[in-house]
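Here is a set of exercises to work through with the model open beside you. Try each task before reading its solution.

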Amino acid sequence: MTTQPNGARPVTTHPVTAQPMTAHPVTAQPWPGRPYEEIALVDLLDRLLAGGVVLTGEVTISLAGVDLVHLSLRALISSVSTLATRP
Amino acid sequence: MTGAPLCYVYAIVDAPPHHLEVCPGVDGAAVTTVERGELAAVVSLVDRDRFGAESLRAKLEDLDWLEQTARAHHQVIDTIARQIPVAPLRMATILWDERGVAELLQANRPEFTEVLERVRGREEWGVKAYAVPVGPPDAPPGPAESAGGPGTTYLMRKRGQRDRARQAVQTGADLARQLHEVLTGHSVAARVYPPQDPRLSGRTEPMALNAAYLVAAADAESLRAAAARFDSPGLRVELTGPWAPYSFAEVSQP
């Protein structure tokens with residue numbers, strides 16, 4: 001993966017304009033009848049740690065050699081007593 | 001904080017993201033977009049000390065941090081998914097600065113576009129199924145059984161429980177395979193996750209299926225109905241969603 005491909009489009013601005021968006025607390029229910037808190041952490045982590053676009057390019061901060069999923073699951077298992085005491 | 005903040009990237013969306021409303025992100029930071037061409041990255045600034053590679057490594061072992069970050073990451077993506085097509089990034093994708101984000105958009109334009117096209121107008125649904133032992137409840141020991149002595153009765157009862165549990169796993173696995181086949185028929189893509197650790201799920205029954213399905217929004221109802229038809233005393237079927245398409249965002253590595 002290169003950050004300077006042939007025929008690269010001209011960089012319009014540097015630093016790139018970050019357009020502020022309306023940032024406000026979400027008051028609506030995420031999906032019908034399902035508040036965020038009710039989403040089980042374990043279901044969330046299935047997706048967040050094993051899903052999503054994975055970038056391995058040089059632009060990202062290197063977590064090379066770190067198996068995110070493995071690390072996190074180990075953390076979960078070792079903290080299982082903590083988890084079990086949650087409502 | 002020492003040094004400039006880092007850029008946490010949540011997701012890629014079509015640019016310009018008109019009227020997109022987003023909740024605060026990780027650590028309560030304001031969420032903004034960085035645009036390049038037809039793509040925009042949804043980002044927020046994070047503390048360099050706390051989100052640098054080294055502290056991340058340590059943080060990933062911290063369940064409270066992991067949960068907070070996961071929920072914040074999810075809230076941003078979930079809020080977007082209810083408004084426009086979204087390609088979620090793996091949790092804790094962190095770049096040095098906004099210029100890096102713009103380069104990322106440019107360097108991965110075909111991959112990001114491919115993911116956005118794949119998920120456009122579609123929803124992810126999660127389906128979990130548990131094999132539950134079914135059968136007559138343990139009969140109280142009658143006179144005939146008692147004849148063999150209390151030890152024998154106990155052993156026979158234990159063996160009966162064990163056999164039923166084994167059978168349930170077998171039947172559950174068969175049913176779960178059928179369920180997966182049927183749901184795949186309703187979907188444009190399917191992904192099977194490993195069964196969740198019972199210590200994390202808090203469920204004692206063996207997990208016979210842990211899968212995600214990408215369906216056209218219009219087909220979500222038929223997927224739900226199909227999953228519900230498999231829900232039985234021997235196979236508890238649970239549906240979650242709709243999710244942002246986390247499970248269907250893989251890109252083919254260049």
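**Exercise 1. Chain A in outline**

What percentage of the 87 residues in chain A is buried? Keep in mind that you are looking at a predicted model, and then list the elements of the chain in order.

*Solution.* Begin with the burial count: buried residues make up 22% of the 87 residues in chain A. Next, take the inventory, which gives three helices and one strand. Reading from the N terminus, these elements follow one another as β-α-α-α.

**Exercise 2. A covered helix**

Find out how many residues of helix 1 of chain A are buried, and inspect what follows the helix.

*Solution.* Step one is the count: eight of the ten residues in helix 1 of chain A are buried, so the helix is mostly covered. Step two is to name them: D43(A), L44(A), L45(A), D46(A), R47(A), L48(A), L49(A) and A50(A). Step three is to look past the helix, where G52(A) has a positive phi near 80 degrees.

**Exercise 3. Two helices across the chains**

Describe how helix 1 of chain A meets helix 3 of chain B, first by geometry and then by residues.

*Solution.* Two packed helices are described by the angle between their axes and the distance between the axes. Here the axes come within 10 Å and cross at roughly 70 degrees. Angles of 65 to 115 degrees count as roughly perpendicular, and that is therefore how helix 1 of chain A and helix 3 of chain B are placed relative to each other.

Now for the residues. Helix 1 of chain A brings L41(A), L44(A), L45(A) and L48(A), while helix 3 of chain B brings E67(B), A70(B), H73(B) and H74(B). Sorted by class, the contact has five nonpolar, two polar and one charged residues. For the spacing of such positions, recall that an α-helix has 3.6 residues a turn, so residues three or four places apart point the same way.

**Exercise 4. An enclosed strand and its partners**

Which strands pair with strand 1 of chain B, and over how many bridges?

*Solution.* Take the partners in turn.

- Strand 3 of chain B pairs with strand 1 in the antiparallel sense over eight bridges; D14(B), for instance, has L39(B) as its bridge partner in strand 3.
- Strand 5 of chain B is also antiparallel to strand 1, over two bridges, and L95(B) in strand 5 is the bridge partner of C7(B).
- Strand 4 (residues 87-88) of chain B runs antiparallel to strand 1 and is joined to it by two bridges; here A11(B) has P88(B) as its partner.

Then check burial: eight of the nine residues of strand 1 of chain B are buried, so the rest of the structure largely encloses this strand.

**Exercise 5. The largest nonpolar core**

Which residues touch the most other members of the largest nonpolar core, and which elements supply it?

*Solution.* The core has 59 residues, and the members touching the most others are Y8(B), A11(B), A41(B), V42(B), I80(B), A87(B) and V101(B). The elements giving two or more residues include helix 1 of chain A as well as strand 1, helix 3 and helix 4 of chain B. Strand 1 of chain B gives the most, with eight residues.

Zoom in on A11(B): leaving aside residues up to four places away in sequence, its contacts are V42(B), I77(B), I80(B), V86(B), A87(B), P88(B) and L89(B). Another core, of 21 residues, lies apart from this one, and among its members are A131(B), A176(B), Y213(B) and A220(B).

**Exercise 6. The four-stranded sheet**

What is the strand order of the open sheet in chain B, and which strands stand at its edges?

*Solution.* The order is 7-8-6-9, with antiparallel pairing. Strand 7 (189-192) and strand 9 (235-243) each have a single partner, so one side of each is left without a neighbour in the sheet. From one strand to the next, the twist averages 20 degrees.

Inside the sheet, strand 6 (residues 122-131) and strand 8 (residues 207-216) of chain B pair over nine bridges in the antiparallel sense, with G126(B) opposite its bridge partner A212(B). Helix 9 (residues 220-230) of chain B packs on the sheet, touching strands 6, 8 and 9, and its direction makes about 165 degrees with that of strand 9.

**Exercise 7. Buried or exposed?**

Is R177(B) buried or exposed?

*Solution.* First locate R177(B), in helix 7 (residues 150-185) of chain B. Then count: R177(B) has 12 C-beta neighbours inside 10 Å, so it is exposed.

Note on methods: Residues numbered from 1 in each chain as written. Chains lettered and ligands numbered in written order. Predicted model: local features only at pLDDT ≥ 70, side-chain atom pairs only at ≥ 80, totals over all residues. Pairing = 2+ DSSP bridges. Axes fitted to C-alpha atoms, helices over the stretch in contact; angles between N-to-C directions. Contact = placed C-beta atoms within 7 Å. Core = buried A, V, L, I, M, F, W, Y, C linked by C-beta atoms within 7 Å. Buried ≥ 20, exposed ≤ 12 C-beta atoms within 10 Å, placed from the backbone. Parallel < 35°, antiparallel > 145°, perpendicular 65-115°, else oblique. Nonpolar A, V, L, I, M, F, W, Y, C, P; charged D, E, K, R; others polar.
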